[in-house]
Every structure is written in C-alpha cells, then in structure tokens.
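Let's take a walk through this structure together, one strand at a time. Please have the sequence and the 3D view open as you read.

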Amino acid sequence: MATGMRIGVVTFPGSLDDRDAQRAVRLAGGEPVALWHGSHDLDGVEAIILPGGFSYGDYLRAGAIASLSPIMSEVVDAANKGMPVLGICNGFQMLAEARLIPGAHTRNAHQQFIRRDQRLRVENADTAWTNGFEQGQEITIPLKNADGRFIADAETVKRIEGQGQVAFRYLGVNPNGSFDDIAGVSNERGNVVGLMPHPEHATEPGFGPDTALAMSSGVDGLTFFTSVIRKALVA
Amino acid sequence: MPTIVVEVMPKAELLDPQGKAVTFALARLGKDFATEVRIGKRFEIAVDEVTDAILADVKQLADDVFSNSVIEDVVSIEVLQDSAATVAAEASSTAAAL
C-alpha cells in the first residue's frame, strides 16, 4: 500500500490541522512533507494540501492574507499545471481567495461557530481527490467552521453545477447557509478540490465520527488521500 | 500627512449576518426606526504623498486585496489631505451640530 507519494502540507501562521493532514497522508500510504508559508520551495512534492485552521486570525477575510503568502505563488503555478491540491476548511477559503476555485465564503448564516459530524454526498467522484468514492456515495466527516457559507453569483452557481464542479453537497442539514447546499467544489480540471468539512479527522478507527457499527469508527475521510495516491499510480 | 481611505461594503444582495444581528439588537432597544443595518470596512492608508501612481496602486489593491469582488464592493476611495486636522474638524462640526 505504501507508495511513498510525497504530499506536501503547508503550515501557515494559525494553521491548526496541518499535523492531522500529515497523519492522514501517512495513514493512506503516502509520505507527508511539511511545507512552510514563507518559503517558495515546494520540495518536489507531487500533491499539496492547504490545511484547516484560522490563518492570520481570519483578519481581512478568512484565508485572504494566507492566499498572499510567498508559497502560494508556487501553489497556484503548480495547480494551474495540474498538480492535485486539496483545500480543507481554511484551505478551501484560501483556494477561493487565490481564485483557484470559484466562489467565496462568508460568516455562517446563523453567525455561530459550528462543530458536528456532517453527512455529505459525493457529487463528483472523478476528481483527483474523490476518485476512490462511488458517484453519489454518502459519507460522514467532521465539520467545524465559522466562515463556512459558500457563496457565488447565480450565473457561477449555474455554471459549476452544470460542469460537475460541485464535488460535495451537505445532506440532512445545511449547517452554514451555503448556496445550493454546496460543501465542496473543484476547478474545471478536477485537480483542485476545496471543501469545508475535514476528511483528515476521519481517517483512523477510534478517532473518527460515530458509525452505526461502533463509536468513533468512521474513516470516510481516508478515501480523499488514497484517491490522490491511486490517481498518481494510474497516471 | 495625507491618508487614503478605502471603504468596502458587503454586496447589497447578500446576507450580512453581522448587520442583521445589530439590526435585531436595535429593535430590542426600541430603535425600530432602523429598518436595516449593514456593516462594512474602512481602510486608512497613511502615505507620505499622494500621486497618480500611488492612487492607481491603491485602486488595484482595493479591488484585489481589500475586497473580494464575489462578496464585496469597493464603495469609495478618497484622500484626506491632513488626516488629524480633518478628523478633528469633523468631530467639532458634529459636536456643534448636536
């Protein structure tokens, strides 16, 4: 299983889930590589994760200042050349601020921080980070955010819905007021994916969401990381 | 020292949760003349001088950094020639008006 695919995880000032993302990469059989926001060096990685947290205290707009970091110019270049990039929560916000994916985020419609195990439907199982799922598969991974309301103008929403760029949709409840229950989107090419919930927190039995079988046994998030490794093997 | 002031507001058609919370608070205080409150941002950029090049730069920054055009509009960019004096003058004229 271990392929040793080198997957970079960028740490920004205020990142919280960088170590969890590294651990998820390791559990999926990859080799996590710690990358630093202030550097221009991608260290030869084959994929990149922008982790969750509250970079720069969400000053200006969530993810906005981090999206201007030195390393982001290399991340944007690599993404435009087709390198798989996954943005989780704050990383999703950075992808939007860097214009790598459409839309933007505002404060949750109900104004409160939210933390729950969230059901999602995989709307596009053909991206670099979702190809291990079945189309339409229902998964449960943790969600925890303050500025998680995905917004885009009506024309953009129509376009990304039509092009299959909606990667994940909230099921059961819409936890933050996101348009069309959109939980995650991809770029047109499908190598860049951003989502608000946290797959890296559902990768090891005993530390994930509850399932019908056992407490904390949910590992639906692992497939994100095995997908990108599988994609690399196939290619 | 001049100051360039950039004001950014959430787009009119989008929900402004902060403004909505304040609107409700005003209603609780009996200030029901306030039918809606919207909250935006004001950036004050202190500069040594104002040139056309600097203003063009600030205009670009207003569009690219200070605001996100998906959710916000830049509503004004103005120059205060002597910020301290202007603020003081505004404060005293407000006091006089009251």
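This is a predicted model, and a good place to start is strand β3 of chain A, residues 47-50. A:Ala47 and A:Ile49 point one way from this strand, while A:Ile48 and A:Leu50 point the other way. In a regular strand, side chains alternate between the two faces of the sheet. Are these four residues of β3(A) buried or exposed? All of them are buried.

Now look to the strands beside β3(A). On one side, β1(A) pairs with β3(A) in the parallel sense over three bridges, and there A:Gly8 has A:Ile48 in β3(A) as its bridge partner. β3(A) also pairs with strand β4 of chain A, residues 85-88, again in the parallel sense and over three bridges. Here A:Ile49 is matched with A:Leu86 in β4(A). To get from β3(A) to β4(A), the chain passes through helix α2, residues 70-80 of chain A, in a right-handed β-α-β crossover.

Going back to β1(A), residues 6-11, you will find six bridges joining this strand to β2(A), and the two run parallel. Within this pair, A:Arg6 has A:Glu31 of β2(A) as its bridge partner.

With these pieces in place, step back to the whole sheet. Nine strands of chain A form an open sheet of mixed pairing, in the order β2-β1-β3-β4-β11-β10-β9-β6-β7. Which strands stand at the edges? They are β2 (31-36) and β7 (138-145) of chain A; each has a single partner strand, so one side of each is left without a neighbour in the sheet. From one strand to the next, the twist averages 25°.

Note on methods
Residues numbered from 1 in each chain as written. Chains lettered and ligands numbered in written order. Predicted model: local features only at pLDDT ≥ 70, side-chain atom pairs only at ≥ 80, totals over all residues. Pairing = 2+ DSSP bridges. Axes fitted to C-alpha atoms, helices over the stretch in contact; angles between N-to-C directions. Buried ≥ 20, exposed ≤ 12 C-beta atoms within 10 Å, placed from the backbone. Right-handed = clockwise from strand over helix to strand, strands pointing away.
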